[in-house]
Amino acid sequence: MEYIDSAKNALRTDFTWNRVGHLASRGARAFPQASVGYVLDKFPIIGWLPRYNYRWIINDIIAGLTIGLMLIPQGLSYAKIATIPVQYGLMSSWAPSAIYAFMGTTKDLSTGPTSLISLLTAEIIEALHGEEWSPVEIASAVAMMMGIYGMAIGFLKLGFLLEFISLPVLSGFISAVAITIILNQMDSLLGEPNVGDGTATQIRDIFQQLPQANGYACAIGFTGILLLTVLDQAGKRWGEKNRIIWFLSITRAFIALVIFTGVGYAVNHSRGASENYLFDVAKVQADGQEPPKVPSAALLSKVASRSIAVFVGSAVEHTAIARAFAVRNNYVTDQSQELTYYGVTNVFNSFFHAMGVGGAMSRTAVNSACNVKSPLSGFVTTAVVLVSIFKLVGTLYWIPKATLAAIIITAVWPLMSSPRVFYGYWKTSLADFISSMVAFWVSLFVSTELGIASAVGFNIVYVLLRQVFATVRSLPDAQSSTSSELPLPLSVPHGDLPSHVNLPPDVHVFAFTDSLFFPNAYHSKHAIIDTVKTMHAPIFNGSCGLEQERQWSVTGEKRIAKLRRQAGITDGTHLPPIGLLVLDFGRTNHVDVTACTHMKAMVKEVRMYGGASVEVRFANMSEYVRQRFERAGWTLVDGWPAGSDGGSQDGNKVTRVFDSLVDAVLAPRQLSTRLGTSGSEKSSGKSVKEGREKVSMREQV
């Protein structure tokens, strides 16, 4: 009895048990509504389809047709990289676009086979060569494991885990992958036999076997590269002025495929056996879509660990492309939902003998250039690919392998980062440069999965060492500090600010409380953007303005509405605009390239929301942190000279740095910030007068 009384007393008085009980009670009450909201979030089409404008259908049809025409040659080419029969590239391409229409959170993203996934899949096929499974079965098993990992992270909303892959690591990794893909295509481009595996071996064999190269294959391949390059450059130079040139440019791979398939048929169809062909052809053979089949459990266990690198590389690529085009076209994407879609699609694809899929930069850029209006374009893309599978396979038999190699080489060449990018890492941070070089050289000469693993491992060790060997500085005055003079006033409710630091309603201050680097940079960026959108009115430019002028996406609106409800804001029409954004670096002793890049993106997004005249200032920045920003490409200048009343000479090309937070807040504004530069910003100025006298929330990041 004594033990029971003791347990009861512990349950009543123990803080942890009481907290668990409180959280369980809150969770039980919120569960029904949260469950419905969770399911609805998994199918974004439920939110945006009712507001679909029928006038958008033409744009979506054109974009869907264009992406479908791009997917045919790319699907065949990427299957070739993966060392599976090329027709399976088409079988991997029809489902993703249709599924994305239901589950996607961007209007621009195009998913399907990619060069990165293809190469990493080929490495796994090579590693399991000689065992009981065919290359197609191995590729399907890899796709299923990619899907399982994606669904696990997506459904649990753990997308933030991918932020532990820094930008320099990605640059080195993807550059090495691009070079490897190009080397793998040189034997088909030149018609050389017996080129070995491995970077060093391939370079040696390519040059040794130049005398045995097939002249016809070389002519086909290099002519294809020339045609693709000319159309690409013509589109960049004249595409905006001439829609015909623009269309020829974006469909250049399909045009090359049609022309050289005709050449392949003309010169080879009457030569009998394939051994007599003047050059190798793809020999596409299929009788429509094959019936579904579940990958074997034994094979899944074999590829489970090897598929992690494929998942990490492709998932990071997929979410990064989605985020980039969401920012470019001014809407909001959901990273965890994108991973949920990524997982569901790859699991579904694996049943249909397909390789893994993910977001593709080239097709996404074309989709955006077509002014696509919604993910409904994916249904058109699916229809185009299905027609090619069931009706065009016999024609595709005659595609020259050299043409596929030319398409692949011109597609992956832009993926390589220039030496200037790596030199930028060198100037900004030695650790970032080393991590990029580890990813690059190990991926290039050893293996891609070991390359990304070793680079991430280096970053983890570096972060731990920074924490273990943190420096302690002795200050002359024990009471002095480099932190902000106003950390408390900026975190307390409005109305408690001292009169001499009273903030205007269009000013918002954020104080970083720790180092800003790749694990927390993306979260910090979005914390700032979310708070600005919650507490300030947008510039009325259409995407944030009237209902009839808005784009298809409702994800961002729902998120901001939820944040405003949590902040107690019931009427957003009287919120002040954002005119001045101040970032306090008083407690920040380290930044890296990833953080500097995300801060640039943050400033761009804030100005897209609040207008080009929004001024950004830094305060309490140490010399070390300032040098990092400057080496990363920021132009930083000291605050306004004494007695200055501001000016507009530098516009927003520079960021002003102040010694104290008080100076950063109270210093004169730029002329363009004070007066506004357009009629839309004058309307924002009107909101200032009608807004509240003080901002109701000041948030530390």
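**Close-up 1. W398 and its edge-to-face partner Y265 in the predicted model.** W398 is buried, at a relative accessible area of 14%. That value is under the 20% cut-off, so W398 falls in the buried class. In this predicted model, 24 aromatic pairs are counted. One of them joins W398 to Y265: the ring centres lie 5.6 Å apart and the planes meet at 75°. An angle over 60 degrees counts as edge-to-face, so this pair takes that label. Y265 sits in helix α13 (residues 252-268). W398 sits in the loop between α19 (393-396) and α20 (401-412). The two residues are 133 apart along the chain, and their pair links distant parts of it. Y265 is partly exposed, with a relative accessible area of 42%.

**Close-up 2. The tilted pair F512 and F585.** Here the ring centres are 5.0 Å apart and the planes stand at 40°, so the pair is tilted. F512 belongs to the loop between β3 (507-511) and α24 (521-535). F585 belongs to the loop between β4 (580-584) and α26 (593-610). The pair therefore ties together parts that are 73 residues apart in sequence. Both rings come from buried residues: F512 has a relative accessible area of 3%, and F585 has 0% relative accessibility.

**Close-up 3. An aromatic cluster and two charges over rings.** Ring pairs join F422, Y425, F440, W441 and F445 into a cluster. Elsewhere, arginines cover aromatic faces. R243 lies over the face of W246, at 4.2 Å from the ring centre. R323 lies over the face of Y522, at 4.3 Å from the ring centre.

**Close-up 4. The open parallel sheet.** Five strands make up this sheet, in the order β3-β4-β5-β7-β6. The pairing is parallel. β3 and β6 (636-638) are the edge strands; each pairs on one side only. From one strand to the next, the twist averages 30°. Inside the sheet, β4 runs parallel to β5 (residues 615-619), and 5 bridges join them. In one of these, D584 has A619 of β5 as its bridge partner.

**Close-up 5. Helix α26, from start to end.** The helix has 18 residues. From first C-alpha to last, α26 reaches 26 Å, close to the 26 Å expected at 1.5 Å a residue. Of the 18 residues, 13 are buried, so α26 is largely enclosed by the rest of the structure. At the start of α26, a side-chain oxygen of D592 comes to within 3.3 Å of the backbone nitrogen of T594. Just after the helix, G611 adopts a positive phi of about 110°.

**Close-up 6. S175 and its contact with S417.** S175 is found in helix α9 (residues 167-190). At 1% relative accessibility, S175 counts as buried. Its side chain reaches the backbone nitrogen of S417 at 2.9 Å.

Key. Residues numbered from 1 in each chain as written. Predicted model: local features only at pLDDT ≥ 70, side-chain atom pairs only at ≥ 80, totals over all residues. Heavy atoms only, no water. Phe/Tyr/Trp six-rings, centres within 6.5 Å; stacked < 30°, edge-to-face > 60°. Helix = DSSP H or I, 4+ residues; strand = E, 2+ residues; numbered from the N terminus. Buried < 20%, exposed > 50% of the residue type's maximum accessible area, 1.4 Å probe, protein only. Lys NZ or Arg CZ within 6 Å of the ring centre and 35° of its normal. Expected span 1.5 Å × (residues − 1). Polar contact = N/O pair within 3.5 Å; in protein donor to acceptor, adjacent residues only side chain to side chain. Pairing = 2+ DSSP bridges. Axes fitted to C-alpha atoms, helices over the stretch in contact; angles between N-to-C directions.
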